[in-house]
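Visitor: Before we start, could you take me through this chain and tell me what stands behind each term you use?

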Amino acid sequence: MRYDGKPLFECVQCLMCICRQLPPYGHFTVGLDYVFDYIIDARKVKDDLGETITLPEAVFLSCFENLGERSEERRVGKEC
């Protein structure tokens, strides 16, 4: 689909994880999938309220399982 010659949607790669245990902060639900990003010694995870929560690597690894990349079609300019 295009608008004024520009695509409205693009295929993006999102890093996904699943919550296996509630972390000590943020608003998460066990069993739901979340988008995350790697940073040095930590992970940034978008919680149920849409807030980006920075979790130390040890906390992330104890509470989330990395599901790898998922391809999704998103509106142009919208983040994962």
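Guide: What follows is a short exchange about the terms and the values behind them.

Guide: This is a predicted model, in which local features need pLDDT of at least 70 and side-chain atom pairs count only at pLDDT 80 or more, while totals for chains, interfaces and linings use all residues. Residues are numbered from 1 along each chain as its sequence is written, and side-chain values use heavy atoms, with hydrogens and water left out.

Visitor: What makes Ile-53 and Leu-55 of S6 buried?

Guide: Buried means under 20% relative accessible area, exposed over 50% and partly exposed in between, with a 1.4 Å probe and protein chains only. Ile-53 and Leu-55 point to one face and meet that term, whereas Thr-52, Thr-54 and Pro-56 point to the other and do not.

Visitor: Why is the set of 13 residues called a nonpolar core?

Guide: The name applies because a nonpolar core is a set of buried Ala, Val, Leu, Ile, Met, Phe, Trp, Tyr and Cys residues joined through side-chain atoms within 4.5 Å. The largest one here has 13 residues, and among those with the most contacts inside it are Cys-17, Phe-28 and Phe-64.

Visitor: How do you know that S5 and S6 pair?

Guide: Strands (E, at least two residues) and helices (H or I, at least four) are DSSP runs, numbered from the N terminus, and two strands pair if DSSP finds at least two bridges between them. S5, residues 42-46, and S6 have 5 bridges in the antiparallel sense, so they pair by that rule. One partnership joins Lys-44 to Thr-54 in S6, and in the hairpin, with 5 residues between the strands, Gly-50 takes a positive phi near 85°.
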